[in-house]
Amino acid sequence: MSSDDSNNISPISRDADAVACSPSSTAVTYSDNPSPSSLPTVAPDPLSWPPDGKLCLEWIQHLMSVFEWSSRNLAPSAFPSVFPVPVFDALVLTASKILHKEPNCLQINIPDSDSTVVVVGDLHGQLHDLLFLLQDAGFPAQNRIFVFNGDYVDRGAWGLETFLLLLAWKVFMPHRVFLLRGNHESKYCTSTYGFEKEVLAKYGDKGKHVYRKCLGCFEGLPLASIIAERVYTAHGGLFRSISVTPSKRSKGKKNRRINLIPEANALCLGSLEELSKARRSVLDPPWEGLNLIPGDVLWSDPSMKPGLSPNKERGIGLLWGPDCTEEFLKKFKLKGLPVKTCTVVATCKCGDYKSHEGPDAREKRPGLGGMDEGYTIDHDVESGKLITVFSAPDYPQFQ
Amino acid sequence: MEPPPPQSPRDEHPHTHSHSSTSIPTTGTCCKCGGATTHAPPSQSPTSWPDLSSPPAYRPIRAPALNLPPNNTQAIILTPVPQSQEVPTITPPFHFQIPSKKITSPDDIRKFHDSPTSKNFLGFIVALSESIRGRKISDPCHESATVSNIVSIIENLSLWVDQIPPVQQSSRYGNISYRTWHERLTENAESFMLQFLPEDLKPSTIEIVPYFTDSFGNSSRIDYGTGHETNFAAWLYCLARMGIIKEEDYQAVVARVFVKYLDLMRKLQLVYCLEPAGSHGVWGLDDYHFFPFIFGSSQLIDHKYMKPKSIHNEDILDNFSSEYMYLSCIGFIKKVKKGPFAEHSPLLDDISAVPNWKKVNSGMLKMYKAEVLEKVPIMQHFLFGWLIKW
């Protein structure tokens, strides 16, 4: 893996999706003991953005190699020396353009019966787990789609690298790599749980600019996806219907004004149409007012108690019971599982924790399953299942 | 899936720590006995993912995870150090009320921080910190009847942990027996308060009990974090507001009451495997606590030979943890976390390079203000009533 081709990347066909990227043939390995030839022993040259704006596999592999090397050898404040601000700007801009155009709920169709979809849970800045996972499951390819289920940043030390790597993959293969928004892709969380600090530590006085750009990119991330018309995937989960009722006023001319009030008492499940119409480009999903669907999708938790109720512990989002899972699956003719993750595919690795709620948080609600193997089946209803998947085995790093 | 039925009284026989190979590497502490464990890396999962290979063994990541760039440090240096304040005591007529949450947004935080309430509350913490300056835990100090009473309440809570053993369960965190313990706490909280409240202040229970019951973690999530710790401080602040705790008691409040509270929390964390609530990961000081670092650094101010870098000296940790809270915290972290200290606790590692404990202490106070009292996710749970006014 040479480090000198960063300026001479030959552009490949824009229809990158058609290219089969087989990791074994363009091998850069990320083993525990990388051979000297596979990692630069001196600081790599700074990455640069290809002149024609087209990424290729070599660029991505070089990026992964640089990130991994830097995480082990470079002080965080030297990060811009390998990933300068102009490159950051170009990557985030290019990725944002793709992401912002996507609908709130992606329809991900599988090209053929041999294809797999890999759904990845919370990563929380654990770059090395992401690198391992890509190695282990194989890179995104014509027949391998990846859906990342949010929470890329905060808590871990390498949120930037994790997020930027995912953006790069998205730019390279926009129809094979999908990035959903997690609750941590917000100002509210990143200003408390470490990502803002990380950006400032790495980019110094350019940090504010970088952080702002990241927040802008987060706003564009789609909220959910439906895979193969069967499986609804989202970071948090189900969402409510925002119905509006006209206030009861007499019909005299003066009083023709209609007040729109959201239904305060009767929480019921929202529809996919409502989801598609929600205003997702918000810095922080609101917990009051009318635009409550994004907050629900990103923050809700499953429960064994039937029905929908406000998620008081979190102050935003809902709790939903197995009956809601059943209703949702049936109503929208989804056969597989809603949320948290898919039935269809391999999780990348025997994980622990996350996709919003840790395995442990699951266990605490009676009846919900344990988390030994990287996923749990939370609701098993007539129309399908609800599964939570987690992909950050060393999360939190203090384990 | 139903959790397995609770075990009969905890197994008295020494048990080995061979956990099932499908479980992921967990804390180095056994949920049952609190002892250290070693875990083999998990073997391949028996599920239907044939492509799964076994996870790698733990990889040490050598570069420090974070460092503060010069301009950030400058800004922090220029922030004023919080100052101690006297807590004004209430006078009749009293208007005790059930406290409620008020903060939901950064604007609310700003409002809170401009208010005399928050300055006085923080001033109380600073005063507690100053009361323990340069003193060992075992140093003699004036112990009022109230302080002794509170200590015995906490001892009682600790006893209950022995009476309510953790159940056998597969998940790493969050033993459901904690809920039983917590229920008992909630049932008895008011009668505990009535033990030491003077007659005219007994009506305050409606206001102070909610702070107390929320000081030991969250029952449904089975977690604990600096927000709960802050509630405990708020409860103590309420007692100060009522004149039940006076300035002459502050040293005992730290060296007797808070130390007992910390011991209890460690026990709860280990026995019931409380999940860190809203951990900041490598970007935070500690997953559970903040005050022991404030009070603990104050204890070590002007110590003849122990410097901040002494935390890397294992002998010092072993020999002085019982007298110095800061050291016992570091010791605890090293016990439960795996890998190099600089990797799992880079902030504490960075702080060990600070030249003296006075600077550590003032830094900790500034950090507490910024990282706990000014963060919506934590302060959204803070309660306001008549004693702590919004």
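Which residue of β4(A) does A:Phe148 stand opposite? The close-ups below come from a predicted model, and the first one has the answer.

**View 1. Here we look at the open sheet of chain A, built from three strands in the order β2-β3-β4.** The pairing in this sheet is parallel. At the edges sit β2 (116–120) and β4 (177–179) of chain A, each with a partner on one side only. On average, neighbouring strands of the sheet are turned by 15° against each other, direction ignored. Zoom in on β3 (residues 144–148) of chain A, and you find three bridges linking it in the parallel sense to β4(A). That's where A:Phe148 comes in: its opposite number in β4(A) is A:Leu179.

**View 2. Helix α3 (residues 127–137) of chain A packs on that sheet.** The helix touches β2 and β3 of chain A. Its direction makes about 155° with that of β3(A).

**View 3. Strand β5 (residues 224–227) of chain A is covered on both faces.** In a regular strand, side chains take turns pointing to one face of the sheet and then the other. On one side of β5(A) you have A:Ala224 and A:Ile226, on the other A:Ser225 and A:Ile227, and all of them are buried.

**View 4. Now for the pairing partners of β5(A): strand β1 (residues 105–108) of chain A and strand β6 (residues 231–234) of chain A.** With β1, the pairing is parallel and spans four bridges; here A:Gln107 stands opposite A:Ile226. With β6, there are four bridges too, but the strands run antiparallel, and A:Ala224 finds itself across from A:Ala234. β5(A) and β6(A) make a hairpin with three residues between the strands, where A:Ala228 takes a positive phi near 50°.

**View 5. This one frames residues 180–185 of chain A, a stretch picked out in a UniProt record.** The unreviewed UniProt entry lists these residues under "domain: Serine/threonine specific protein phosphatases". Over this stretch the chain is 0% helix and 0% strand. Its end C-alpha atoms lie 10 Å apart.

**View 6. Over in chain B, B:Val354 is found in the loop between α13 (346–351) and α14 (357–373).** B:Val354 counts as partly exposed because its relative accessibility is 24%, which falls between the cut-offs of under 20% for buried and over 50% for exposed. Setting aside neighbours within four places in sequence, B:Val354 is in contact with B:Pro308, B:Lys359 and B:Val360. B:Lys309 is 45 residues away along the chain, and its C-alpha atom is separated from that of B:Val354 by 7.8 Å.

Key: Residues numbered from 1 in each chain as written. Chains lettered and ligands numbered in written order. Predicted model: local features only at pLDDT ≥ 70, side-chain atom pairs only at ≥ 80, totals over all residues. Heavy atoms only, no water. UniProt positions renumbered as here; feature names shortened; annotations may be inferred. Helix = DSSP H or I, 4+ residues; strand = E, 2+ residues; numbered from the N terminus. Buried < 20%, exposed > 50% of the residue type's maximum accessible area, 1.4 Å probe, protein only. Pairing = 2+ DSSP bridges. Contact = heavy atoms within 4.5 Å. Axes fitted to C-alpha atoms, helices over the stretch in contact; angles between N-to-C directions.
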